[in-house]
Amino acid sequence: MEIGRRDILLGSAALLLAPGGSACAATDRPLGYAIVGLGYYGLNVIIPQFVNCTHSRLAAVVSGDRAKAQRVAREHGLSDKAIYSYADFDTIRDNPDVDIVYVCLPNGMHAEYTIRAARAGKHVLCEKPMAISVAECEAMIAACRKADRKLMIGYRCHFEAHNLEAMRLARSGAAGKIRYVRSEHGFVQRDPTKWRLKRALSGGGSLMDMGIYSLQAARYMTGEEPVAVTARESTDRRDPRFTEVEDMIDWTLEFPSGAMAGCLSMYSANQNRILLMGDTGRIELEPATRYDGNEMWTGKDGRERKIVPPPGPAKTQFAGQLDHMAQSVRRGQEPIVSGEEGLRDMRIVEAIYRSAREGRTIRL
Ligand code: NAD
């Protein structure tokens with residue numbers, strides 16, 4: 001049943017984004033986004049993507065740095081009226097140009113800004129991880145529901161061509177019955193002063209960052225929900241980077257079909273790989289979830305055939321994500337990666353931490 005539901009969702013993503021499809025009349029204006037947080041992701045990755053969008057445009061910026069915000073606004077043809085600080089953010093309710101608020105802040109600020117945006121009458125696209133606890137995720141969903149606003153999580157891999165093709169191949173039985181998924185993500189976190197290493201702002205270490213990709217992949221590649229998790233952590237607490245959060249965490253998920261997933265995240269080595277093992281073959285992606293340059297192979301027991309996925313319905317995964325949210329708002333439909341999807345992950349994240357802490361398997 002779960003696989004069927006996800007297939008329908010994947011299919012509807014393609015429909016929503018189909019070029020020239022009937023989803024959007026030519027006269028519909030692109031919906032306006034306010035980007036909250038002009039850091040690495042908001043400024044360098046997301047804002048440059050609006051040129052690749054059909055249904056989305058930049059309408060406002062929210063930043064604690066007025067000079068930076070003015071520079072960005074000027075570069076994108078926005079007036080000073082489209083600039084907000086964190087203090088006056090709530091007045092965004094009076095700006096009809098802004099339909100959607102995109103929260104690109106440290107994880108510990110996601111809940112506050114999502115809830116404030118919903119109360120200001122705006123739809124919300126919130127970066128991953130959705131928040132730093134299940135309780136926060138539930139509050140975000142409740143606030144958006146109460147305000148009758150859509151909530152989507154920035155799970156860009158659901159719009160990335162290699163991941164979409166791997167999902168399609170796995171569902172079509174190209175590797176037979178999927179028995180095991182290996183999903184590993186990490187990078188070397190060098191700067192001990194980064195908010196990612198401060199628990200109040202990050203909610204945790206590598207699991208809250210790259211680990212979300214490992215967990216998401218295990219779920220969207222199998223199309224199943226895990227029923228149990230067993231985790232182990234390895235962190236050198238004498239290392240000044242890891243006084244507050246974990247470095248490496250490895251966890252095993254058990255699925256109802258009997259499939260298992262071995263997942264890893266770490267802040268002390270570079271890794272970006274997804275491997276699906278089926279009873280007649282395998283599907284491998286490496287790198288698997290990067291912004292670009294992902295690669296993919298299939299084979300009986302190795303990398304026998306390189307797969308070049310068909311071009312996705314959008315120009316880039318980021319444009320696909322932005323336009324999917326805009327189309328979901330316009331059509332009054334739930335985004336394929338809604339707040340509930342972020343909440344599902346956060347429930348598993350809490351169980352992973354608990355399993356590592358208590359040294360036992362947690363049933364979900
Ligand atoms: P960053 O540190 O580069 O930017 C964070 C922004 O938040 C900065 O503009 C900073 O000034 C602002 N900010 C406001 N209050 C702050 C405070 N109290 N402490 C620190 N910064 C504060 O971080 P980033 O890499 O842009 O990450 C932002 C969010 O985007 C995170 O949730 C992260 O997980 C997510 N992200 C997602 C992807 C992806 O591929 N989907 C990639 C990178 C980051």
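**View 1. Surroundings of Gln317 in the predicted model.** With a relative accessibility of 5%, Gln317 counts as buried, because the cut-off for that class is under 20%. The model shown here and in the other views is predicted. Gln317 belongs to helix 9, which covers residues 317-331. Its side chain makes a polar contact of 3.0 Å with the side chain of Arg156. The side chain of Gln317 also reaches the backbone oxygen of Tyr291, at 2.9 Å. Leaving aside residues up to four places away in sequence, Gln317 touches Arg156, Cys157, Phe159, Glu160, Arg290 and Tyr291.

**View 2. Helix 6 and its two ends.** Helix 6 (residues 161-171) is largely enclosed by the rest of the structure, because eight of its eleven residues are buried. The buried residues are His162, Asn163, Glu165, Ala166, Met167, Leu169, Ala170 and Arg171. At the start of helix 6, a side-chain oxygen of Glu160 comes to within 2.9 Å of the backbone nitrogen of His162. Just after helix 6, Gly173 has a positive phi of about 85 degrees.

**View 3. The nine-stranded sheet and the helices packed on it.** The sheet is open, with mixed pairing and the strand order 14-13-12-11-7-10-9-8-15. Strand 14 (305-306) and strand 15 (362-363) are the edge strands, each pairing on one side only. Strand 11 (residues 271-278) and strand 12 (residues 282-285) run antiparallel and are joined by four bridges. Leu276 has Ile283 of strand 12 as its bridge partner. Helix 6 packs on the sheet and touches strand 7 (178-186), strand 11, strand 12 and strand 13 (296-299). The direction of helix 6 makes about 170 degrees with that of strand 12. Helix 10 (residues 339-358) also packs on the sheet, touching strand 8 (228-234), strand 9 (248-254) and strand 15. Its direction makes about 60 degrees with that of strand 8.

**View 4. Aromatic pairs.** The model has seven aromatic pairs. Tyr33 and Tyr102 form a tilted pair, 6.4 Å centre to centre and with 50 degrees between the planes. Tyr33 lies in strand 1 (residues 31-36) and Tyr102 in strand 4 (residues 100-103), so this pair ties together parts 69 residues apart in sequence. Tyr33 is buried at 0% relative accessibility, and Tyr102 is buried with a relative accessible area of 0%. The Tyr86 and Tyr113 rings are edge-to-face, because their centres are 5.7 Å apart and their planes are at 75 degrees. Tyr86 is partly exposed at 24% relative accessibility, whereas Tyr113 is buried at 4%. Ring pairs link Tyr33, Phe50 and Tyr102 into a cluster.

Notes:
Residues numbered from 1 in each chain as written. Predicted model: local features only at pLDDT ≥ 70, side-chain atom pairs only at ≥ 80, totals over all residues. Heavy atoms only, no water. Buried < 20%, exposed > 50% of the residue type's maximum accessible area, 1.4 Å probe, protein only. Polar contact = N/O pair within 3.5 Å; in protein donor to acceptor, adjacent residues only side chain to side chain. Contact = heavy atoms within 4.5 Å. Pairing = 2+ DSSP bridges. Axes fitted to C-alpha atoms, helices over the stretch in contact; angles between N-to-C directions. Phe/Tyr/Trp six-rings, centres within 6.5 Å; stacked < 30°, edge-to-face > 60°.
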